[in-house]
Amino acid sequence: MRKLALVLVLCLAGCGLDVNSALPYKVLPGSIKPDPSLQGVEITVGSKDFTENILLGYLAEMALSAAGADVIDLTDLKGSQTARQALLNGEIDVVWEYTGTGWINYQGNELPVPGGEQAQYDATKKADLEEFGVEWLAYSPLNDQYAFAVTEAYGEQHGLRTTSDLAAFLAQNPGEAVFCLETEFTSRQDGFPAAQRTYGFPATEVKNFGIGTIYSAVASGTCPIGEVFTTDGRIAAQELRVLEDDKKAFPQYNVAPTVRAEFLARYPQIRGPLEEVGAALTNEQMIELCRQVDVEGEDAGEVARDWMVSKGFITTD
């Protein structure tokens, strides 16, 4: 345990984050009211290192701060496994997770749960509580799925609308099978291996990029095909065409706050504010929030704060 904690602290320091830093935005109550039982309670919120999850981290921090907790900001942890271990080890208390990620990556399953969003959530929630002592709060309508994208021009030229179309095209044109992928996506079982199993891509060349540069790499022709998040605002900005996952290779990825069961048992009052925020999120709204950060260059914390104010959850001076 000590070794894992030390590794996490070193990672945080190496990522340019302040360990145990306070929420850098002043938050006053709106529709989320202070709960006297949360006064003085220290809650550490983490996030992964991509824009959407960082935004979600800030939303959780502001909701809990409005409810009266003393919030510690540990957003921007590097990678899913780092964030997961931080939760399990107690370095963080809350992190937004994705049902498909929990089911495949953390619980070791290879195939998605059939039956849609509710079925995937129910199975993930049950297994995580039984195996790891992690509680999933109510899931959000926000469902950020993996997909492949090409430029609109490339898709139009080759008649690509679905991932099955892509597989058929690559079978006839194997020299075009060049993919821009994030390193984590290349190996995680709900990522590229799942697509290869389902669609039978021919031998491919993979170029690894950070997720933020894949969009521009596809747009510039560095790779004809790239991995994308379906709620990313850069899709429209780079004029990319998202290909439908018509054979459902990828699981559902509804987001939900996750907490250790023992922590939730001590502070059940955190459920209300977090679930209230999650229920208000949609794919369309997240696309816009991510666009403001990734395309317009706005600060993620300020974008999150403005959204919380616009929904009436919080107020500011």
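The tour of this predicted model opens at the largest cavity, whose lining divides into five nonpolar, four polar and six charged residues. To find the site, select Phe 50, Thr 101, Tyr 146, Arg 188 and Phe 229, which are the closest to the cavity centre among the 15 lining residues. The space enclosed there is about 180 Å³. In total, two cavities of 30 Å³ or more are counted.

**Second stop: the other cavity**

The second largest cavity holds about 50 Å³ of space. Select Phe 50, Thr 51, Glu 52, Asp 144, Ile 211, Phe 229, Thr 231, Asp 232, Arg 234, Cys 290 and Asp 294 to display its lining. Two elements, α2 (51-66) and α14 (283-294), give two or more residues each to this lining. Colouring by class will show four nonpolar, two polar and five charged residues around the second largest cavity.

**Third stop: an open pocket**

Turn next to the largest pocket, with about 200 Å³ of space. Its lining is selected with Gln 145, Tyr 146, Ala 147, Thr 230, Val 242, Leu 243, Glu 244, Asp 245, Lys 248, Phe 250 and Gln 252. Strands β7 (146-151) and β11 (240-243) are the elements that contribute two or more residues to the pocket lining. By class, the residues around the largest pocket are five nonpolar, three polar and three charged.

**Fourth stop: the nonpolar cores**

In soluble globular proteins, nonpolar side chains tend to be buried together. Here the largest nonpolar core has 81 residues, and Phe 148, Phe 179, Phe 201, Ile 270 and Met 308 are the members that touch the most others. Helix α2 supplies the largest share of this core, 10 residues. Apart from that core lies another, of 11 residues; select Ala 83, Ala 86, Leu 87 and Val 134, which are among them.

**Fifth stop: the strands**

Switch to a cartoon view and select β5, β12 and β6. These three strands form an open sheet in the order β5-β12-β6, with antiparallel pairing. Strands β5 (95-98) and β6 (134-136) are the edges, each pairing on one side only. On average, neighbouring strands of the sheet are turned by 45 degrees against each other, direction ignored. Between β5 and β12 (residues 255-260), which run antiparallel, there are four bridges. To see the register, select Val 95 and Thr 258 of β12, which stand opposite each other.

A parallel pair comes next: strand β3 (residues 42-46) is joined to β4 by five bridges. Within this pair, Thr 44 has Ile 72 in β4 as its bridge partner. Strand β4 (residues 70-74) is mostly covered, with four of its five residues buried. In a regular strand the side chains alternate between the two faces of the sheet.

**Last stop: Gly 191**

Finally, centre the view on Gly 191, in the loop between α8 (183-187) and α9 (192-199). Is Gly 191 buried or exposed? Gly 191 counts as buried because its relative accessibility is 0%, and buried means under 20%. Add Ile 104 to the selection: the C-alpha atoms of Gly 191 and Ile 104 are separated by 9.6 Å, although the two residues are 87 residues apart along the chain.

Definitions and conventions:
Residues numbered from 1 in each chain as written. Predicted model: local features only at pLDDT ≥ 70, side-chain atom pairs only at ≥ 80, totals over all residues. Heavy atoms only, no water. 1 Å grid on protein atoms, 1.4 Å probe; cavity = no way out; pocket = protein on both sides within 12 Å on 5 of 7 lines; lining within 4 Å. Points joined across faces, edges and corners; volume = space filled by probe spheres on them. Nonpolar A, V, L, I, M, F, W, Y, C, P; charged D, E, K, R; others polar. Core = buried A, V, L, I, M, F, W, Y, C linked by side-chain atoms within 4.5 Å. Buried < 20%, exposed > 50% of the residue type's maximum accessible area, 1.4 Å probe, protein only. Pairing = 2+ DSSP bridges. Axes fitted to C-alpha atoms, helices over the stretch in contact; angles between N-to-C directions.
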